[in-house]
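Welcome! Let's take a friendly walk through the fold, with an eye on its backbone oddities and its packing.

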Amino acid sequence: MRLNSIKILCCLVFLSAFACLNNCFSEESFPFLGEVNGNKINLRADSRTSSEIICILEKSEKVEVVASANDWYKVRLPKRAACYIKASFLECLNYEKASTSAGLPQTEQKTKCLNAKALKDRINIRLGPNESTPILGTLDINEVVNILEETSGWAKIEPIQNSFGWVYKKFVNRTGDISPAVTIKPNTSLPVNTEKNPTNEIITVEGIIKPYGKVFNRAATHKLFTKNNEIFLLKGNKKSLESLNFQKVKVTGNKMNLPKQKFTVIEVKNIELVN
């Protein structure tokens with residue numbers, strides 16, 4: 001009887017150890033969609049509780065998780081996160097002129113840059129407008145960013161695809177997978193969309209941006225024409241897209257399957273000029 005008890009105990013210990021090893025060494029697949037499960041969760045600049053807070057995540061907020069380190073997830077920054085780049089590394093593409101009601105001659109009125117392209121590779125994106133603040137990501141040459149404001153030689157930008165923060169794993173529930181980026185070759189045809197909802201598939205396409213024109217209740221504001229005259233519809237920041245009209249660009253974004261659309265719609269996540 002005692003021998004049987006020892007055998008059972010040994011089996012239980014073995015199974016427990018096997019389960020532990022299986023859990024410890026199982027690999028998570030990235031990227032994936034997550035949902036914040038707590039209130040007022042800190043998104044930090046690094047995977048340490050002592051690192052600076054970028055912004056606060058709210059309960060049920062959706063995040064894109066791209067990697068992990070110990071007890072932390074690395075996530076793409078939400079649009080409200082503060083990001084700064086040295087203005088000297090950017091070339092403005094689109095200006096918004098000041099109101100003529102200021103009473104100044106038009107040539108003396110100050111202008112605001114709405115979006116700009118990067119002039120070099122691997123430009124540091126920082127948490128604040130000085131070089132002592134944490135680096136949140138990098139910007140490569142010809143990538144286009146939206147400018148929110150300019151101050152003391154720095155440009156505050158809308159976060160781009162390649163900018164990240166860190167959050168405790170226990171505060172994020174996995175909700176779905178994200179397909180890795182797929183590059184669409186110019187001679188590749190895609191099926192007509194029949195689904196109603198956007199997918200998690202990310203695609204990259206090169207082509208010439210052109211205005212969509214005045215179309216009632218349109219799903220996008222611009223078209224992208226590949227060199228073989230294949231057409232994609234672009235949904236994104238209208239002013240940014242307008243500043244790139246008739247230029248060759250590379251667009252990365254979510255493929256959207258919308259009903260009654262002849263062309264594939266791309267929800268733009270990143271855009272850059274192509275020489």
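Helices and strands here are DSSP runs, numbered from the N terminus, with at least four residues for a helix and at least two for a strand. With that in hand, Pro31 can be placed in the loop between helix 1 (2–25) and strand 1 (32–36). Keep in mind that this is a predicted model.

**Backbone oddities**

Most peptide bonds are trans, and most residues other than glycine have a negative phi. Phe30 and Pro31 are joined by a cis peptide bond, with omega at about -5°. Two serines have a positive phi, as the table shows.

| Residue | Phi | Loop | Relative accessibility |
|---|---|---|---|
| Ser60 | near 75° | between strand 3 (53–57) and strand 4 (62–69) | 41%, partly exposed |
| Ser152 | near 50° | between strand 11 (144–151) and strand 12 (154–157) | 73%, exposed |

Why does Ser152 count as exposed? Its relative accessible area is 73%, and exposed means over 50%.

**A covered strand**

Strand 10 (residues 135–139) has 4 of its 5 residues buried. Strand 9 (residues 123–126) pairs with strand 10 in the antiparallel sense, over 4 bridges. Within that pairing, Arg126 has Ile135 of strand 10 as its bridge partner.

**Nonpolar cores**

The largest nonpolar core holds 33 residues, and those touching the most other members are Leu43, Ile54, Leu90, Leu139, Ile147, Ile157 and Val167. Leaving aside residues up to four places away in sequence, Leu43 has contacts that include Ile54, Leu57, Val75, Leu77, Trp166 and Val167. A second, separate core has 14 residues, among them Val144, Ile203, Leu224 and Phe232.

Key: Residues are numbered from 1 along each chain as its sequence is written. This is a predicted model: local features need pLDDT of at least 70, side-chain atom pairs count only at pLDDT 80 or more; totals for chains, interfaces and linings use all residues. Side-chain values use heavy atoms; hydrogens and water are left out. Buried means under 20% relative accessible area, exposed over 50%, partly exposed in between (1.4 Å probe, protein chains only). Two strands pair if DSSP finds at least two bridges between them. A nonpolar core is a set of buried Ala, Val, Leu, Ile, Met, Phe, Trp, Tyr and Cys residues joined through side-chain atoms within 4.5 Å. Contact means heavy atoms within 4.5 Å.
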